[in-house]
Amino acid sequence: DMIIGPGFTQPDKAASFGAELIDVYKLVQHAHFDFSLYLDAAVRIADTLAAKVKPGDAHHSPWPFKVHAVSGKVGTIFDAETKTNVESNYTTNWSGALDLFAGLIRLKRGNVAAYKKAFSTVLAWMQEYPMKTNRWGPFFEDVDRWSDTQINAVTWAQWIMEHPELFQDWKSASRKILDWSQTEL
């Protein structure tokens, strides 16, 4: 992590990377070489995330924004409101995690039951908290303080539009997020 140092990582970035590994695997799986290492790496990422997912609440996302990869200690960010460093427990950039789990479920690779449970947990949290509160949280690892970011909000609106079957009223849900982003950011 560029701010809090070596060993700290962002689970949302790992999830997005895992989803991209599945995409690469699907593109090259029929080549003359064994590219299963991409899929194996995606499974390892998904296994770690599925084992550590939590239901979350208004102040805690299913995984923290910054966490030490070995110890599991949650990293800190500066909270301008309290003028203190606080645990970095919240972000909303979880569309990559949902894509990672869904991709492995479709391919029937890894711990499918755990991925289904994690998928449901994250989707329910996104619908219960950020979609209702417009509290989208940080994304960038080189920003040392809390920030609501457009990239989290707009990426989620895009994900809603790509998966309308999962939302009761996907058009108004995505429109609400896009309007908020334009007005507030």
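## Helix α3 and its surroundings

In this predicted model, helix α3 contains the buried residues Ser95, Gly96, Ala97, Leu98, Leu100, Phe101, Ala102, Gly103 and Leu104. The cover over these buried positions includes α1, α2, α4 and α6. The 13 residues of α3 should span 18 Å at 1.5 Å a residue, and the end C-alpha atoms are 18 Å apart, in agreement with that expectation.

Serine 95 lies in helix α3. Its relative accessibility is 8%, and serine 95 therefore counts as buried, the cut-off being under 20%. Beyond residues up to four places away in sequence, serine 95 touches Thr155, Trp156 and Trp159.

## Packing of α1 against α3

Helix α1 (residues 11-28) and helix α3 (residues 95-107) have axes that come within 7 Å and cross at roughly 40°. The two helices are therefore oblique to each other. The crossing of α1 and α3 is left-handed.

On the α1 side, the contact is made by Ala15, Ser16, Gly18, Ala19, Ile22, Tyr25 and Lys26. These residues meet Gly96, Ala97, Asp99, Leu100, Gly103, Leu104, Arg106 and Leu107 in α3. Sorted by class, the contact of α1 with α3 comprises eight nonpolar, four polar and three charged residues. An α-helix has 3.6 residues a turn, so residues three or four places apart point the same way.

## Burial and length of α1

The buried residues of α1 are Pro11, Asp12, Ala15, Gly18, Ala19, Leu21, Ile22 and Tyr25. They are covered by elements including β1 (8-9), α2 (36-52), β2 (67-68) and α3.

What span should the 18 residues of α1 have at 1.5 Å a residue? The expected value is 26 Å, and the end C-alpha atoms of α1 are 26 Å apart, which agrees.

## Packing of α3 against α4

Helix α4 (residues 112-128) packs with α3 at an angle of about 150°, and the axes are 9 Å apart. This angle makes α3 roughly antiparallel to α4, since angles over 145 degrees fall in that category. The crossing of α3 and α4 is left-handed.

From α3, the participants are Leu98, Phe101, Ala102, Leu104 and Ile105. Their partners in α4 are Val112, Tyr115, Lys116, Ala118, Phe119, Val122 and Leu123. The contact of α3 with α4 divides into eleven nonpolar residues, no polar residues and one charged residue.

## Helix α2

Helix α2 has 17 residues. From its first C-alpha to its last, α2 reaches 25 Å, close to the 24 Å expected at 1.5 Å a residue.

Within α2, Leu39, Ala41, Ala42, Val43, Ile45, Ala46, Leu49 and Ala50 are buried. The elements covering these residues include α1, α3 and α4.

## Lysines with positive phi

Lysine 108 follows α3 and is placed in the loop between α3 and α4. Although lysine 108 is not a glycine, its phi is positive, at about 55°. Is this residue, lysine 108, buried or exposed? Lysine 108 has a relative accessible area of 68% and is therefore exposed, the threshold being over 50%.

Lysine 83 is in the loop between β3 (76-79) and β4 (84-87). The phi of lysine 83 is near 60°, a positive value in a residue other than glycine. With 61% relative accessibility, lysine 83 counts as exposed.

## A buried loop residue

Asparagine 134 is located in the loop between α5 (130-133) and α6 (150-162). At 12% relative accessibility, asparagine 134 counts as buried.

Which residues does asparagine 134 touch, not counting residues up to four places away in sequence? They are Tyr129, Asp148, Lys176, Ile177 and Trp180. In addition, the C-alpha atom of asparagine 134 is separated by 7.8 Å from that of alanine 153, a residue 19 residues apart along the chain.

Conventions: Residues numbered from 1 in each chain as written. Predicted model: local features only at pLDDT ≥ 70, side-chain atom pairs only at ≥ 80, totals over all residues. Heavy atoms only, no water. Axes fitted to C-alpha atoms, helices over the stretch in contact; angles between N-to-C directions. Helix = DSSP H or I, 4+ residues; strand = E, 2+ residues; numbered from the N terminus. Parallel < 35°, antiparallel > 145°, perpendicular 65-115°, else oblique. Left-handed = near helix turned anticlockwise from the far one by under 90°. Contact = heavy atoms within 4.5 Å. Nonpolar A, V, L, I, M, F, W, Y, C, P; charged D, E, K, R; others polar. Expected span 1.5 Å × (residues − 1). Buried < 20%, exposed > 50% of the residue type's maximum accessible area, 1.4 Å probe, protein only.
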